[in-house]
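Here are some short exercises to try with the model open beside you. Have a go at each task before you read its solution.

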Amino acid sequence: MSVKFDINYHAELTAEANDGVLDEEQLGYVVLANMAQDLLQTKSYVHFDNCDFPGGIQHIAEEWNLIDTIGDKYGDPALAAFGALLHTTQDFYAHSNWIELHVNDAPIPVWDQTLQTLPADIVSGTWALGSPKLCGPNAPSHSQLNKDSPSSTEGSKIVDSGPNEGKSLFELAYATALSATKVQYARFKTVKLAAGDLRTARTEGETLMYMIKANAELRRVF
């Protein structure tokens, strides 16, 4: 499997976990909605930045509430909400130290997205443009902690012992995020809402893709 923890990271995770739940057009819309979340650089909760774990949990719950009540889980509003919550779900493993705290577990467990099950020493990278900022003193920066890329400072580290020996933290973050994404797809399948007319997957053109890539580059700089 070829994985890329760059602008294609969220797209690959979302497509790989799909397993027939969404058709090609629906999946295309969800992927675009997922990637577009990187335009929201000032909202810590969207990316689990700045230790805003309560905000991220609430954000995911609110998106699920929309899907559960919208009346058509295959309509554009529900698919957009699904893409948004997948982005936040996936970012948790790349932007926090969950992987590092469970590096001796194989497989690394999927977080149940409840506040009470977070380890006492959980932390996520600080991001200067994001708000609120809930980390304590001496928290690592986004650039120090993120596992968004196999070449990032943290993502390139290789586990030297234990059940995950020889794997990079990037690989472990990707694999765990994939498992977490599959959990969300399983929940989506259980939503008992009638499908409306199939929606054509939308493309926002070169301008949107340029903005997404520019924001991804900005996150790498920081």
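The exercises below go from the overall fold to the disulfide and then to the core.

This is a predicted model, in which local features need pLDDT of at least 70, side-chain atom pairs count only at pLDDT 80 or more, and totals for chains, interfaces and linings use all residues. Residues are numbered from 1 along each chain as its sequence is written, and side-chain values use heavy atoms, with hydrogens and water left out.

**Exercise 1.** Find how many helices and strands the protein has.

Solution. Start with the DSSP runs, numbered from the N terminus: helices are H or I with at least four residues, strands are E with at least two. You should arrive at nine helices and zero strands.

**Exercise 2.** Locate the disulfide (cysteine sulfur atoms within 2.5 Å) and say what it ties together.

Solution. First, look for the sulfur pair: C51 and C135 have theirs 2.0 Å apart. Next, check the angle about the S-S bond, which is 95° and makes the link right-handed. Finally, place both ends: C51 sits in the loop between α3 (44-47) and α4 (53-69), and C135 in the loop between α6 (98-101) and α7 (142-145), so the bond joins parts 84 residues apart in sequence.

**Exercise 3.** Is C51 buried or exposed?

Solution. Apply the cut-offs for relative accessible area: buried is under 20%, exposed over 50%, partly exposed in between (1.4 Å probe, protein chains only). C51 has 11% relative accessibility, so C51 is buried.

**Exercise 4.** List the partners of F92 in contact (heavy atoms within 4.5 Å), leaving aside neighbours within four places in sequence.

Solution. Working along the chain, you meet F48, F53, W98, W111, L118 and I122.

Terms used. Disulfide = S-S within 2.5 Å.
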